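Trainee: I have a structure open and would like to talk it through with you. Could we start with the basics and then go on to the details?

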Amino acid sequence: MEERLQRGDAVVRSLNNGAPQPTLERMRQEFPFLAAATQGYALGDVWSRPGLDSRTRQLAAVAVFAAMGEAAFMKIHAGYALNIGEGELKEVIYMVTVPAGFPRAIAASQALSELFAERRAAPGKQP
């Protein structure tokens, strides 16, 4: 496997408690080029750069996806942030009201509430 793909796989597994990322794996079946590009570039080249720790990267991704109105991607990254601790996730959503407005922050809060409920329902997991 190419080095950047290996780095991308390592990033995914470090964020996802050692497991592959389901959305990426589904994409790999129908859109293998897009999955490889995401894994190699976004994760292997960009996400694995030094300078920010995983938690900071996750919080930034949550904020950006929430501000863009991309609840599905926001929820994925919020889940990763929960894997390394809940901390400031709600504060990130509050901050989204400033650059992106209340409708996007409210939509993001609803997706985050769904994630919290899923985590509470899963055995042994807490948000």
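Mentor: Let us settle our words before we count anything: helices here are DSSP runs of H or I with at least four residues, strands are runs of E with at least two, and both are numbered from the N terminus. Please also keep in mind that this is a predicted model.

Trainee: Okay, so how many helices and strands does the protein have?

Mentor: The protein has 7 helices and 0 strands, and reading along the sequence gives the pattern α-α-α-α-α-α-α.

Trainee: And what is its radius of gyration, next to that of a compact globule?

Mentor: The protein has a radius of gyration of 15 Å, which agrees with the value near 14 Å that a compact globule of 127 residues would have. Along its principal axes, the C-alpha trace spans about 40 × 35 × 30 Å, and buried residues make up 33% of the 127 residues.

Trainee: What about contacts between residues at least 6 apart in sequence, how many of those join residues at least 24 apart?

Mentor: Of the contacts between residues at least 6 apart in sequence, 61% join residues at least 24 apart.

Trainee: Switching topic: what volume does the largest pocket have, and which residues lie nearest its centre?

Mentor: Its volume is about 520 Å³, and among the 22 residues that line the largest pocket, Thr38, Ala42, Leu43, Phe65 and His77 lie nearest the centre. The elements that each give two or more residues to this lining are H1 (3-15), H2 (22-30), H3 (32-47), H4 (54-68) and H5 (71-83).

Trainee: How does that lining divide into nonpolar, polar and charged?

Mentor: The lining of the largest pocket holds 16 nonpolar residues, 5 polar ones and 1 charged one. For the second largest pocket, the division is 5 nonpolar, 6 polar and 5 charged.

Trainee: Tell me about that second one, then: which element gives the most to its lining?

Mentor: Helix H5 gives the most, with 5 residues. The second largest pocket contains about 320 Å³ of space and is lined by 16 residues, of which Asn16, Ile76, Gly79, Leu115 and Arg119 lie nearest its centre. The elements that give two or more residues to that lining are H2, H5 and helix H7 (102-121).

Trainee: New topic, salt bridges: how many does a search of the whole structure find?

Mentor: The search finds 7 salt bridges. One of them joins Glu3 and Arg7, whose closest N and O atoms are 3.0 Å apart, and both residues lie in helix H1, 4 residues apart, about one turn of the helix. Asp9 and Arg13 also meet in a salt bridge, at 3.1 Å from N to O, and they too lie in helix H1, 4 residues apart.

Trainee: Which residues are linked with Glu3 in a network?

Mentor: Glu3 is linked with Arg4, Arg7 and Asp45 in a network of salt bridges.

Trainee: And what does the pair Lys75 and Glu114 tie together?

Mentor: Lys75 and Glu114 form a salt bridge with their closest N and O atoms 3.2 Å apart. Lys75 lies in helix H5 and Glu114 in helix H7, so the pair ties together parts that are 39 residues apart in sequence.

Trainee: Is Lys75 buried or exposed?

Mentor: Lys75 has a relative accessible area of 19%, and since buried means under 20%, Lys75 counts as buried. Its partner Glu114 is partly exposed, at 46% relative accessibility, whereas Glu3, at 56%, counts as exposed.

Conventions. Residues are numbered from 1 along each chain as its sequence is written. This is a predicted model: local features need pLDDT of at least 70, side-chain atom pairs count only at pLDDT 80 or more; totals for chains, interfaces and linings use all residues. Side-chain values use heavy atoms; hydrogens and water are left out. On a 1 Å grid over the protein atoms alone, a cavity is a set of points where a 1.4 Å probe fits but cannot get out, and a pocket is an open set with protein on both sides within 12 Å along at least five of seven lines; lining residues have an atom within 4 Å of a point. Grid points are joined across faces, edges and corners, and a volume is the space filled by probe spheres set on the points. Ala, Val, Leu, Ile, Met, Phe, Trp, Tyr, Cys and Pro count as nonpolar, Asp, Glu, Lys and Arg as charged, and the others, Gly among them, as polar. A salt bridge is a side-chain nitrogen of Lys or Arg within 4 Å of a carboxyl oxygen of Asp or Glu. Buried means under 20% relative accessible area, exposed over 50%, partly exposed in between (1.4 Å probe, protein chains only). The radius of gyration is taken over C-alpha atoms; the globule rule is 2.2 Å times the number of residues to the power 0.38. Contact means heavy atoms within 4.5 Å.
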